[in-house]
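Biologist: Could you take me through the labels attached to this structure, and set each one against its definition?

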Amino acid sequence: MPTRWNLPAGFGFKNNPVLQRELLVNLRTNRAFILLAVYQVLLAAVTLIAWPSDERLDLTQSPPSARRLVDLFFLGQYVIASLIAPSFAAGTISGEKERQTYEMLLASPLRPGAIVLGKLVAALTHLALLIVASLPIIVLFLPLGGVSVYEVAAAYLGLFVSVILFGAIGVFCSSYFSRTSNSLVVSYLVILPLVIGGVLLWQSLAADGLLRLKVIVFVVPAFAISAVILMAAATASRLLYPPDVGSEGKEIIDLEQEAAEAVGLVIQPDQFPDRLFAPPRRESLMEDGANPVYDKEIHGEIFSQGTLMLRLVIQISILLAIPLMGVLLFWQTPHAPWFAVYVIVFNLLVGPVFLAGTFTSERERQTLDLLLTTTLSPWKIFWGKFVVGFRVAFVLTSFLVWPMLLGLVLNPDFYTNWVLVIGLFAVPIVVSVVNAFVAITASLYQTRTSMALMTTYVVLIVLYVIPPGMSTLASTLNLSSKAQRWIDALGVTSPFRALFALPMDQHLLRVDESSLAYAGQPMLVVGYFVCSVAFIVIAMFLISIKMKRLGGHLE
């Protein structure tokens, strides 16, 4: 009789209960159908706008605009996949810890590898459906020319491989943290350099289609598969010998012991600047009139699960900031605003983590009602939590401002561009404030930390990323000047548009004639600051409504 190969229990897709359960939970939610519908509508809208209005199409030509459109189509999907994949994968294991089902999962007869495989496949199935759903749209683009079927197939191969890599990173980070918000932000910080590198690689090889085809078909899958196997093996090993089993009574980590065992960066609460965001524990009584909520949050609540996430965030961000400073502030000075973009993206990813869970965590622990029965007013509770979260996020963001300040001081080309220098600091500061108010507003109106965090990210992406994306799409599609003006007007909500609207003289642009200096768009910059103030006012209005309800204990 022929030999029959039997997979270990749980490794087959049909007999993996983790995979089956996760698929049922993920694909039957309203979010799954809404996300798929919105994704399809957006792709259909882009196709309708981009479709030529000529009565006859000359299929013998390959217009450059068609190729740019296809490139933009795949790059857009690549960026969207990098944003969505961690949201599905970063809570696969940490979510079990939050629901207190982690030990029950480990006690099952499933092997750790089967658990990791089931979690990873289930997390990426919905995202794979989104990618497959875009196939009919790209088929409509093929008659426009500019790209071959082989390039489309290679692009989809690279897209699927990248999605698997991003999901593996999310699952790997999820095994190291007990909070989904922590694993989510670390996943984004790890994925961000990969996304930037992938976009730059795709654009740099645009002139050589054959080389780009070979890189995507052979090099990218080899790198991604190797990384996925290593991370999956490490995650399975961590499940086999879990260091965090028996969490009862051990949820508060001893920061001194953790610092003694830490590898790399060590946070020292008694020294500057560490005490700005992680002050030492209080050893004396609070002063009269002090806010006990503020004192409790700053000395223990945020760092009760340890400082691993904090240390990783600081190390990864500084590691990326140093080469960016050298390239953007000394070598390619016309692109100096991109460093401020990096600072904003960092705050966009990290800042909401410390504020989106301020009130939802109290609801999840069922301690909000107890907190409201104290003699503290709801507004005092609010400001205590807000100031702590904003302080930590702002201090962490300021670590990236020091390299920018150093580059601006050491490079004389910036001395005659004082408006640009002020804008490079003012815009990230305003962004930090707006992000904080959006995050804490989401925390007040949501019941779960994960939903508050995702709501914050969605709102900020709509305000910051969608306007410049629409402007790029309008210029790529060669829309009418009137339509482009209306789309550009929406850019007042985006700090990215404001940064690139700042003026530059001939010294910074490194041109010989002063007439080639960039005068900027002052109205766009002023409009951004006005819109930011308006967003803060709207957030305060929504917060005041919720504060009145909290004062009446209507939760």
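**Labels and cut-offs**

Biologist: What share of the residues in the protein is buried?

Modeller: Buried residues, meaning those under 20% relative accessible area (exposed is over 50%, partly exposed in between, with a 1.4 Å probe and protein chains only), make up 46% of the 555 residues. This is a predicted model, in which local features need pLDDT of at least 70 and side-chain atom pairs count only at pLDDT 80 or more, while totals for chains, interfaces and linings use all residues. Residues are numbered from 1 along each chain as its sequence is written, and side-chain values use heavy atoms, with hydrogens and water left out.

Biologist: Why is Leu 405 called partly exposed?

Modeller: Its relative accessible area is 33%, and partly exposed covers what lies between the 20% and 50% limits, so the label applies to Leu 405.

Biologist: Where is Leu 405 placed?

Modeller: Leu 405 lies in helix H18, where a helix is a DSSP run (H or I) of at least four residues, numbered from the N terminus.

Biologist: Which residues does Leu 396 contact, leaving aside its neighbours within four places in sequence?

Modeller: With contact meaning heavy atoms within 4.5 Å, Leu 396 touches Phe 277, Leu 310, Ile 314, Phe 346, Val 350 and Phe 354.

Biologist: Which residues touch the most other members of the largest nonpolar core?

Modeller: Phe 277 and Leu 396 do, among 122 residues; such a core is a set of buried Ala, Val, Leu, Ile, Met, Phe, Trp, Tyr and Cys residues joined through side-chain atoms within 4.5 Å. Helix H8 (residues 149-174) gives this core its largest share, 13 residues.

Key: Helices (H or I, at least four residues) and strands (E, at least two) are DSSP runs, numbered from the N terminus.
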